[in-house]
Amino acid sequence: MTRTFLRSFMVLAIGLTSINVSAQSKKQPAAKPAAKVSAQAPVAALKTYVIKGNVKNFTETFWSYFSSGLFKNLVIDVPVKADGSFFKTMETGNTSDIHFYLGEGLSALAKPGDTLTVEWDNKDIDDTFKITSNSGERQQELDLLLQLSKQYRKPMMDAVTALRSKDIADVEKFNKISELFTGEVKLLVKGPVTGNSKKILYDIYFRNLDMISKLNKTSKTNYVLPLAAAIPDNLKGMFGTANFYQTESWGYIDKVLDETMFMASHEYRDFLVSKVQGERPFSTVTYEGPAHENTESNFTLLNCYGAIAKLNLSPLILDWYLAHTIIDGFGYYPFDHVEAAYKRMLPEMKTAAFKDELTAYYKAMHTLKPGNPAPIISLKDENGKTVSLSDFKGKVVFMDFWGVYCGPCIGDIKTYGVEFHQKYKDKGVVFLNICVDAGVNEWKKSIADLKFDGINLRAPSPADPACKAYNVEGIPHYIIIDAKGNIVNNNAPNMGSLMGKGFSIKLDKQGNNELDLAITANK
């Protein structure tokens, strides 16, 4: 199933965010507990940074930004007072990439100990946005990242669009990516060298290399980024360009598994995920004898086995990948599939901090295990009335987290929404449609245009408690709750699949899906 992911929410607008939007992209976790940090931990102890400032002509009660993390990327809401001022303290263990959902998207870095002052006029964000630091060197880095955002977000958008087009020649696609990459690197090396210069280079390189990798999958030519040509000879030793990955062959994996890059760059970590998941094992079988009972592929387990084969040279990176994949899996796949991967892989992990992180997250996710009571959430409908999940005790609930700007969401609604609702509305099913990505006016217009039946609710942001409660990692995200108020599936199939017109899903011997079974159990 294709989803729009809140990790890369508004990715084309942000411009410099990773373009990896695979089925493993990350978002705000649900009630994620802090991990225990052991003496063996390769990650820094949690410290804090501050974001403060003032915004003019602002009519909302908060604004949001994206922050990268080692296991989970966060969407963070910053409350704004009536006078436009705001102050937010955040915990972090390492340097975090942050992207502001403002204007066409602006980027920065946050380090432990930072105090970042942010100011803008909401009537003219791109020309008035200003971010300042309490450190001279940090100010140089912030100025560079802001300049990269403004100067190269449109070329980035053009490259992404070209990469997806069937009408543009491969060499033209490569030229767009190459020009983008070269321009970003030249802007980086033109300025002073700072403590994060190498990290910024890693980000630029692997963000563009991910596009090159996607191009090479379908091209007859093996394209390579011109890294050596982009960096002056006197800086090549400092940046360590000889260690950069310059081939599409996994025979050179030793050039990829760089633990310094791994700790510094979320773009590098995303690249590793993309490479491992891009070459999955067999996922279907033709039987010689009678077919086995209907089964589903356990993609979380498949991805873990793929990592063991490809990342074994670095136990640190392998353990991170296993923990990351299983944590991520709870946002997308059936609980029993992810639980099986957890129980199989945890004993294999050797990095204490990553094992602790995974164990804590697994315990937190037990609240969403099938059969457990569904978390009670309350949101407002289009008339301003507060609606609670508890209002529907005794009825089967089909919950749809969706977005006005989510292509797969709109496609599912337009293609299957009317027919799906017609099929199930007279069977005692309540449809709760929860929009997570739009303002009130945009949301109301969209539900009117779509003629979206059911009870329409709005979560003000992806960081809303309703999204956290159900570990909504990507949209569309579907949930089935039985008449007793218990979870049937926190990662349910989409509407088309439940009608037998989408992806193949697990059915009982009579051909009933899990929504059918929940309805039958209520009779």
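Helices, of at least four residues, and strands, of at least two, are taken here as DSSP runs numbered from the N terminus. On this basis the predicted model places N471 in the loop between helix α16 (465–469) and strand β15. Although N471 is not a glycine, its phi is positive, at about 50°, and with a relative accessibility of 0% the residue counts as buried, because the limit for that class is under 20%. A second residue that is not a glycine, N57, likewise has a positive phi, of about 55°, and lies in the loop between β2 (47–56) and β3. The relative accessibility of N57 is 41%, so N57 is classed as partly exposed. A further backbone feature is the cis peptide bond between I475 and P476, for which omega is about 0°; P476 itself belongs to the loop that separates β15 (474–475) from β16 (477–481).

With regard to the overall architecture, the protein contains 18 helices and 17 strands. Of its 523 residues, 55% are buried, and the accessible surface amounts to about 22,700 Å², with carbon and sulfur atoms contributing 52% of that area. Among contacts with a separation of 6 or more, 69% are made by residues that stand 24 or more positions apart.

Two of the sheets were examined in detail. In general, strands of a sheet are paired through backbone hydrogen bonds, in either a parallel or an antiparallel arrangement. One open sheet consists of four strands in the order β5-β2-β8-β9, and its pairing is mixed. Its edges are formed by β5 (85–92) and β9 (130–133), each of which pairs on one side only, and neighbouring strands are turned against each other by 20° on average, direction ignored. Within this sheet, β8 (residues 115–121) and β9 are joined in the antiparallel sense over four bridges, and E119 is found opposite K130 in β9. Helix α3 (residues 136–164) lies across both β8 and β9, and runs at about 155° to β9.

The other open sheet is also built from four strands, which follow the order β4-β3-β6-β7 with antiparallel pairing. Here β4 (74–79) and β7 (106–110) occupy the edges and have a single partner strand each, so that one side of each remains without a neighbour in the sheet. The twist from one strand to the next averages 30°. Strand β3 (residues 62–67) runs antiparallel to β4 and is connected to it by six bridges, with S67 standing opposite L74 in β4.

Among the helices, α10 (residues 299–310) was considered with respect to its length, its cap and its surroundings. The 12 residues of α10 should span 16 Å at 1.5 Å a residue, and the computed separation of its end C-alpha atoms, 16 Å, agrees with that expectation. The N-terminal end of α10 is capped by N298, a side-chain oxygen of which lies 3.3 Å from the backbone nitrogen of T300. The buried residues of α10 are T300, L301, L302, N303, C304, G306, A307 and K310, and the elements that cover them include α9 (266–277), α11 (315–329) and α12 (335–345). As a general point, an α-helix has 3.6 residues a turn, so residues three or four places apart point the same way.

Note on methods: Residues numbered from 1 in each chain as written. Predicted model: local features only at pLDDT ≥ 70, side-chain atom pairs only at ≥ 80, totals over all residues. Heavy atoms only, no water. Pairing = 2+ DSSP bridges. Axes fitted to C-alpha atoms, helices over the stretch in contact; angles between N-to-C directions. Contact = heavy atoms within 4.5 Å. Expected span 1.5 Å × (residues − 1). Buried < 20%, exposed > 50% of the residue type's maximum accessible area, 1.4 Å probe, protein only. Polar contact = N/O pair within 3.5 Å; in protein donor to acceptor, adjacent residues only side chain to side chain. Areas by Shrake-Rupley, 256 points an atom, 1.4 Å probe, with all protein chains shown as cover.
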